[in-house]
Amino acid sequence: MIIPVAPGETAWRDLLVDLAPLDERHEIVLSATAPPPNDAVDATTNARWLVAPAGRARQMNAAAAI
């Protein structure tokens, strides 16, 4: 699952809480234009943060490429 994150957006935090029950078969990639906040992705989730070029399509494509 790819989640594009706009600058200053924080809704992804609540979304990760909602997605926490997913097991290791599900990968979550948060694609943003800046490095994550220190507490962005908890090690107990299947999520990772990707820094990508600005623009929703570029963020989605960068995440799909990995």
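Strand S2 is largely enclosed by the rest of the structure, because 5 of its 5 residues are buried. The model described here is a predicted one. From S2, the residues Ile28, Leu30 and Ala32 point one way, while Val29 and Ser31 point the other way, and all are buried. Both sides of the strand are therefore covered, given that buried means under 20% relative accessible area.

Strand S2 has a strand partner in S1 and another in S3. With S1, the pairing is parallel and is made by 4 bridges. Within that pairing, Ile2 has Val29 of S2 as its bridge partner, and Val5 stands opposite Ala32. With S3, strand S2 again pairs in the parallel sense, here over 5 bridges. Ala32 takes part in this pairing too, standing opposite Val51 in S3. Ala32 is thus placed opposite Val5 of S1 and opposite Val51 of S3.

Strand S1 can be set beside S2. The covered face of S1 holds Ile3 and Val5, whereas Ile2 and Pro4 form an uncovered face. For S2, by contrast, the residues pointing either way are buried. The path from S1 to S2 passes through helix H1, and S1, H1 and S2 together make a right-handed β-α-β unit.

What does the largest nonpolar core consist of? It has 11 residues in all: Ile3, Val5, Trp12, Leu16, Leu19, Ile28, Leu30, Ala32, Ala40, Ala47 and Trp49. At least two residues of this core come from each of strand S1 (2-5), helix H1 (11-19), strand S2 (28-32) and strand S3 (47-51). In soluble globular proteins, nonpolar side chains tend to be buried together. The covered face of S1, Ile3 and Val5, belongs to this core. So do Ile28, Leu30 and Ala32, the residues that point one way from S2.

Leu19 shows how helix H1 takes part. Leu19 is located in helix H1 and is a member of the core. Its relative accessibility is 15%, so Leu19 counts as buried. Apart from neighbours within four places in sequence, Leu19 is in contact with Met1, Ile3 and Ile28. Of these contacts, Ile3 and Ile28 are also listed in the core. The C-alpha atoms of Leu19 and Thr45 are 8.6 Å apart, although the two residues are 26 residues apart in sequence.

Ser31 is a residue of strand S2. On which side of S2 does Ser31 point? It points the other way from Ile28, Leu30 and Ala32, as Val29 does. Its relative accessibility is 0%, so Ser31 counts as buried. Beyond four places in sequence, Ser31 touches Ile3, Pro4, Val5, Leu50, Ala52, Gln59, Met60 and Ala63.

One of these contacts, Gln59, lies in helix H2 (residues 56-65). Is Gln59 buried or exposed? With a relative accessible area of 5%, Gln59 is buried. A polar atom of the Gln59 side chain lies 2.3 Å from the backbone oxygen of Ser31. Leaving out residues up to four places away in sequence, Gln59 touches Pro4, Val5, Ser31, Ala32, Thr33, Ala52 and Pro53. Gln59 thereby touches Val5 and Ala32, which stand opposite each other in the pairing of S1 with S2.

Charged residues come next. Side chains of opposite charge can pair when their charged atoms come close. How many salt bridges are counted? The count comes to 2. One joins Glu27 to Arg48, with the closest N and O atoms 2.9 Å apart. Glu27 lies in the loop between H1 and S2 and Arg48 in strand S3, so this pair ties together parts that are 21 residues apart in sequence. Glu27 is partly exposed, with a relative accessible area of 42%, and Arg48 is also partly exposed, at 38% relative accessibility.

The other salt bridge is formed by Asp23 and Arg25, whose closest N and O atoms are 2.8 Å apart. Asp23 counts as partly exposed at 26% relative accessibility, while Arg25 counts as exposed at 67%.

Another exposed residue is Thr10, found in the loop between S1 and H1. The relative accessibility of Thr10 is 53%, and this residue therefore counts as exposed. The C-alpha atom of Thr10 is separated by 9.8 Å from that of Ala40, 30 residues apart along the chain. Ala40 is itself one of the residues of the nonpolar core.

How values were computed: Residues are numbered from 1 along each chain as its sequence is written. This is a predicted model: local features need pLDDT of at least 70, side-chain atom pairs count only at pLDDT 80 or more; totals for chains, interfaces and linings use all residues. Side-chain values use heavy atoms; hydrogens and water are left out. A nonpolar core is a set of buried Ala, Val, Leu, Ile, Met, Phe, Trp, Tyr and Cys residues joined through side-chain atoms within 4.5 Å. Buried means under 20% relative accessible area, exposed over 50%, partly exposed in between (1.4 Å probe, protein chains only). A salt bridge is a side-chain nitrogen of Lys or Arg within 4 Å of a carboxyl oxygen of Asp or Glu. Two strands pair if DSSP finds at least two bridges between them. A crossover is right-handed if, with the strands pointing away from the viewer, the path from the first strand over the helix to the second runs clockwise. A polar contact is a pair of N or O atoms within 3.5 Å; within protein, one must be able to donate a hydrogen and the other to accept it, and residues adjacent in sequence count only if both atoms are side-chain atoms. Contact means heavy atoms within 4.5 Å.
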